[in-house]
Number of protein chains: 2
Amino acid sequence: MPAPEGARIDRVVVPYDAREPCTRLSPVLGPDERREFARAMLADVLAAVQAGGYDPEVLATTPLDLEVAVTVDDRPLTPAVNDRLVPGTAVVMADLALATPEALSRLFETPGDVVLAPGRGGGTNALVTRHPEFRVDYHGGSFLKHRRIAEECGLCRSVVDSHRLATDVDEPADLVEVLIHGPGTSAEWLDEVGFGLDDRGGRLGLSRDGELVGASR
Amino acid sequence: MPAPEGARIDRVVVPYDAREPCTRLSPVLGPDERREFARAMLADVLAAVQAGGYDPEVLATTPLDLEVAVTVDDRPLTPAVNDRLVPGTAVVMADLALATPEALSRLFETPGDVVLAPGRGGGTNALVTRHPEFRVDYHGGSFLKHRRIAEECGLCRSVVDSHRLATDVDEPADLVEVLIHGPGTSAEWLDEVGFGLDDRGGRLGLSRDGELVGASR
């Protein structure tokens, strides 16, 4: 089914910082593990974009060996993304391990000059812009900033309400979501290295080799 | 617009435990505050249900003075809900302070014998059942349990992907979501008693009277 008029996108940019990924997972993952897990999440995001019929472009801080187009830009996220923000662009973060083609389609096909998928904690985990005036400003509550920027430019703004897109995986409690809502490369990787779900509390917690780990609940 | 065939619901039950609400918010709220805040969240949930054109019924552990129907049942959540689970029933938790009529409509109008809205941490924050065999089993990862129960009964099962419905507000970090995604009675209450957003970290944190509080980030 074609997307409704005015709800097209032409490009999907996936920023990826390979230098020190997932630092906030260091209570439960070593440095090599964090790199491997970040790559597994990137693979899940790219697979979800591709399954929806789009060709993702990775915007990486260092060269990467991938089977999709990679552009290298070592500047911070905000200027690197803004340089590529032509109308009809979607920006999807690389740590959305729960992303599915369905969740991304809802984002891509929602009409609006700017469509935002908020992350837990007030970030912007994914967005679409169809207007030349919109510019990103990541870090420190970017969802509220992006809403304000769109307002100030007088743009029509939509918000996509998705738990999958709201779950950027950057702290131990987020791994629980990956294990619950997999399957995917990331969930398989976690399972392979011994992580599991602990059901002794109100919310499910994270275990590794059977022992509760992290401030995960 | 009428709901599609096979996607009706007749009743919306909102369980509410008034005895010791929001205990996991005790790092940032005193006992009286927790009771007030729980009532504010209940008001937001009831308002969202009503704005969607439904009459909510509160299933409370003790008598409550409310302008909607209240049934008192002091048993634990699971048997109390199961006794009211006729086909065409929705069960919506009372701590979904971000619930909107739109998010609830997606739940109520999704076809399926059983429709689940997972909560962060593996709970079931809201559900719809249209089949007499389905029974709930809350606590300890109920989303996975409910998925399994539906499977074992051979029922057609759907999942609603909503950040608003996934956000049951029971720990300090969840208050950040209320402040970001309000307005509503709960967000206003938090604002009135001095809570705000702290943007000094990667995710937004929680402040009270300008000071960072709780393990909120």
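Helices (H or I, at least four residues) and strands (E, at least two) are DSSP runs, numbered from the N terminus. The views below show a predicted model, in which local features need pLDDT of at least 70, side-chain atom pairs count only at pLDDT 80 or more, and totals for chains, interfaces and linings use all residues. Residues are numbered from 1 along each chain as its sequence is written, chains are lettered from A and ligands numbered from 1 in the order in which they are written, and side-chain values use heavy atoms, with hydrogens and water left out.

**View 1. B:Thr124 in strand E6 of chain B.** Strand E6 covers residues 124-129. B:Thr124 is buried, with 4% relative accessibility (buried means under 20% relative accessible area, exposed over 50%, partly exposed in between, with a 1.4 Å probe and protein chains only). The side chain of B:Thr124 makes a polar contact of 2.8 Å with that of B:Ser142, and another of 2.8 Å with that of B:His146. A polar contact is a pair of N or O atoms within 3.5 Å; within protein, one must be able to donate a hydrogen and the other to accept it, and residues adjacent in sequence count only if both atoms are side-chain atoms. Apart from neighbours within four places in sequence, the residues in contact with B:Thr124 include B:Met93, B:Leu116 and B:Tyr138 (contact means heavy atoms within 4.5 Å).

**View 2. The two chains and their shared surface.** A turn of 180 degrees and a shift of 0.0 Å along the axis lay chain A on chain B with an RMSD of 0.0 Å. This is the relation of a two-fold axis. Copies are superposed by least squares on the C-alpha atoms of residues with pLDDT of at least 70 in both. Chain A gives 34 residues to the contact and chain B gives 34 residues. About 2700 Å² is buried between chain A and chain B, and carbon and sulfur atoms give 46% of this area. Buried area is the accessible area (1.4 Å probe) that two parts lose on being put together, summed over both. A:Arg120, A:Asp161 and A:Arg203 supply 31% of the area that chain A buries against chain B, more than any other three residues.

**View 3. A:Arg203 at the interface with chain B.** Side chains of opposite charge can pair when their charged atoms come close. A salt bridge is a side-chain nitrogen of Lys or Arg within 4 Å of a carboxyl oxygen of Asp or Glu. What does A:Arg203 pair with at 2.9 Å? The partner is B:Asp174. A:Arg203 also meets B:Asp170 in a salt bridge of 2.7 Å, N to O. This second pair runs from the loop between helices H5 and H6 of chain B to the loop between strands E8 and E9 of chain A. B:Asp170 and A:Arg203 are both buried. Across the interface there are 12 salt bridges.

**View 4. Salt bridges within a chain.** In chain A, A:Arg75 pairs with A:Asp73, with closest N and O atoms 2.8 Å apart. A:Arg75 is partly exposed at 33% relative accessibility, whereas A:Asp73 is buried at 9%. In chain B, B:Arg84 pairs with B:Asp73 at 3.0 Å. B:Arg84 and B:Asp73 are 11 residues apart, and both are buried.

**View 5. B:Cys156.** Why does B:Cys156 form no bond with B:Cys153? Their sulfur atoms are 13 Å apart, which is too far for a bond. A disulfide is a pair of cysteine sulfur atoms within 2.5 Å, and the count over all chains is 0.
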